[in-house]
Amino acid sequence: MAESNVPMTPAGRLFLQDEMNQVINSVIITEHPLPSIEMIKTEIKNSIMVKHPRFRSLMVKDSGGREYWRKTEIDIDRHLVVRHRRLSDETDEDVVNGYLADLSYSSPLATDKPLWEIHVLVAHKAVFFRLHHALGDGVSLMSMLLSCCRKVEDPTKPPSLPGGGGGTVRKWGMRTLVNLVFFTLVYVFELVIRFWLPDKTTVLTGGAGVEHWPRLLATARFRLDDMKKVRQAVSGATINDVLFGVISRGFSRYLDIRSPKGVVDGTQITGVAMMNLRQQPEFQDLVKQIEKGEVGIEWGNKFGMIMLPVYYQNHEPYPLNSVKKAKEMIDRKKLSLEGLFSHKLLHLITALFGAKFASILNYRLVCNTTFTISNIVGPKERISICGNPLKYMRVTSSSLPHAITMHMLSYAGYADMQILVAKEVIPDPKFLALCFENALLEMKEAAESYVMGTLYNKSA
């Protein structure tokens, strides 16, 4: 093995297997026309992103088939795809979503160059960043993307992202220890039996080889202030609790209309999420590390897989109940070591039997659930690229063996959830997006009524 070769993490190797090959596809839309292509090239060449060793490395294999990173020279022109004319007469949002949907299942990244690309749709004011998941986790790659951007209010400063991650601080005691052991055993058992036990079939369920079926993409847009109002109405709730309440109520509404009397009340609809297990550095600290060349083997993916079930609710009259049930489920998950167990199990299986076998097991687990979900916190303030303010930014990924994949990213007061669906299973993703949006609005109205009632009772 050459001295310049750097071993790939087990999770990175998993994302390179045919069964789970994953590319993160993100897009930014600018308010004004894009600058010249030469200016875009200059910005890329001067960005922190291309200084990072992973973005300057080829994926290579040794004689035993094990994957490594090997440094190489990059040619920006080979990583840049430019289209000047409009792709259709549809709205820019529909064109962008259609382009992302096509990339998600029919356009893998070439392995004879570093595993990233930038696509520019000039007429639609859209810039797409395609980054292979083997390069790093979602938050790290978001940091790389934002290294090309600046704050609108202060163009000399890069965007700020919250640091942290890698778990919560526990207050240890006998009760906490008992709960940790109990819930870990319960959820690990549920995780293991998922290799054989699938969700019940609904109109949301995919079929064999669904990851290869054509895709459609729609966006559900949420105001963060609305989500915060709902959070405040449910004691101790978080934005993630609200999100899962929205998903549960939105799915229920969709099933009521698309499959009336076809689903039993309380039917479990299981989601899969990746849990970050590594302490995430502040964005500014990450920039300094890259500039000093201090980012080494620890860069990559370190995550655990957790299952997050929601339940079909037949005409639930109280919208906030969906959030309360989601909070109960997520609170129990926080008391377990399910994510850490799945990470260690993946590492062990990869070491003993190879990445291919681990990928097959992971594929089977995903096939037996219904949807994938992720939530990334983006910049709170408005940002710009090449001096051009961003209208919105969104993210999705390669298609998985699910009929539904959802990725939410917040930016400047809004959270946009990209809903990637198999066209043959869910032909109307815009309606599904509307179900989610309406679910949040119902919860906001209920939260406002609850707050007004509380204030009235206190004043009485």
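Student: How much area does the protein chain expose, and what share of it do carbon and sulfur atoms supply?
Tutor: The model is a predicted one. In it the protein chain exposes about 21200 Å². The share of this area supplied by carbon and sulfur atoms is 56%.

Student: What percentage of the residues count as buried?
Tutor: The cut-off for buried is a relative accessible area under 20%. Applied to the 460 residues of the protein chain, this gives a buried share of 52%.

Student: Which helix gives the largest share of the largest nonpolar core?
Tutor: The protein chain has 13 helices and 16 strands. Its largest nonpolar core has 53 residues, and Phe 251, Ile 404, Met 406, Met 417, Ile 419 and Phe 436 have the most contacts inside it. The largest share of this core is 9 residues, and these come from helix 13 (residues 429-459).

Student: Which residues is Phe 251 in contact with, leaving aside its neighbours within four places in sequence?
Tutor: Phe 251 is one of the residues with the most contacts inside the largest nonpolar core. With those sequence neighbours left aside, its contacts are Leu 204, Ile 269, Val 310, Phe 371, Ile 404, Met 406, Leu 432 and Phe 436.

Student: How many residues are in the other core, the one with Trp 69?
Tutor: That core lies apart from the largest one, and Ile 24, Met 59, Trp 69 and Leu 109 are among its residues. Its count is 43 residues.

Student: How is helix 7 oriented relative to helix 8?
Tutor: The two axes come within 9 Å and cross at roughly 100°. Angles of 65 to 115 degrees fall in one class, so helix 7 is, relative to helix 8, roughly perpendicular.

Student: How many charged residues are in the contact of helix 7 with helix 8?
Tutor: Helix 7 brings Met 227, Lys 228, Val 230 and Arg 231, which meet Ile 239, Val 242 and Leu 243 of helix 8. By class, the contact has 5 nonpolar residues and no polar ones; the charged residues number 2.

Student: Is Lys 228 buried, partly exposed or exposed?
Tutor: Lys 228 belongs to helix 7 (residues 224-233). Its relative accessible area is 35%. Buried requires under 20% and exposed over 50%, so Lys 228 is partly exposed.

Student: Why does Gln 17 count as buried or exposed, and which is it?
Tutor: Gln 17 sits in the loop between helix 1 (10-14) and strand 2 (23-30). Beyond its neighbours within four places in sequence, it is in contact with Glu 67, Ala 355, Lys 356 and Ser 359. Because its relative accessibility is 10%, Gln 17 counts as buried.

Note on methods. Residues are numbered from 1 along each chain as its sequence is written. This is a predicted model: local features need pLDDT of at least 70, side-chain atom pairs count only at pLDDT 80 or more; totals for chains, interfaces and linings use all residues. Side-chain values use heavy atoms; hydrogens and water are left out. Helices (H or I, at least four residues) and strands (E, at least two) are DSSP runs, numbered from the N terminus. Buried means under 20% relative accessible area, exposed over 50%, partly exposed in between (1.4 Å probe, protein chains only). Contact means heavy atoms within 4.5 Å. Axes are lines fitted to C-alpha atoms, for helices over the stretch in contact, and angles run from 0 to 180 degrees between N-to-C directions. Angles under 35 degrees count as roughly parallel, over 145 as roughly antiparallel, 65 to 115 as roughly perpendicular and the rest as oblique. Ala, Val, Leu, Ile, Met, Phe, Trp, Tyr, Cys and Pro count as nonpolar, Asp, Glu, Lys and Arg as charged, and the others, Gly among them, as polar. Accessible areas come from the Shrake-Rupley method with a 1.4 Å probe; for residues, only the protein chains shown count as cover. A nonpolar core is a set of buried Ala, Val, Leu, Ile, Met, Phe, Trp, Tyr and Cys residues joined through side-chain atoms within 4.5 Å.
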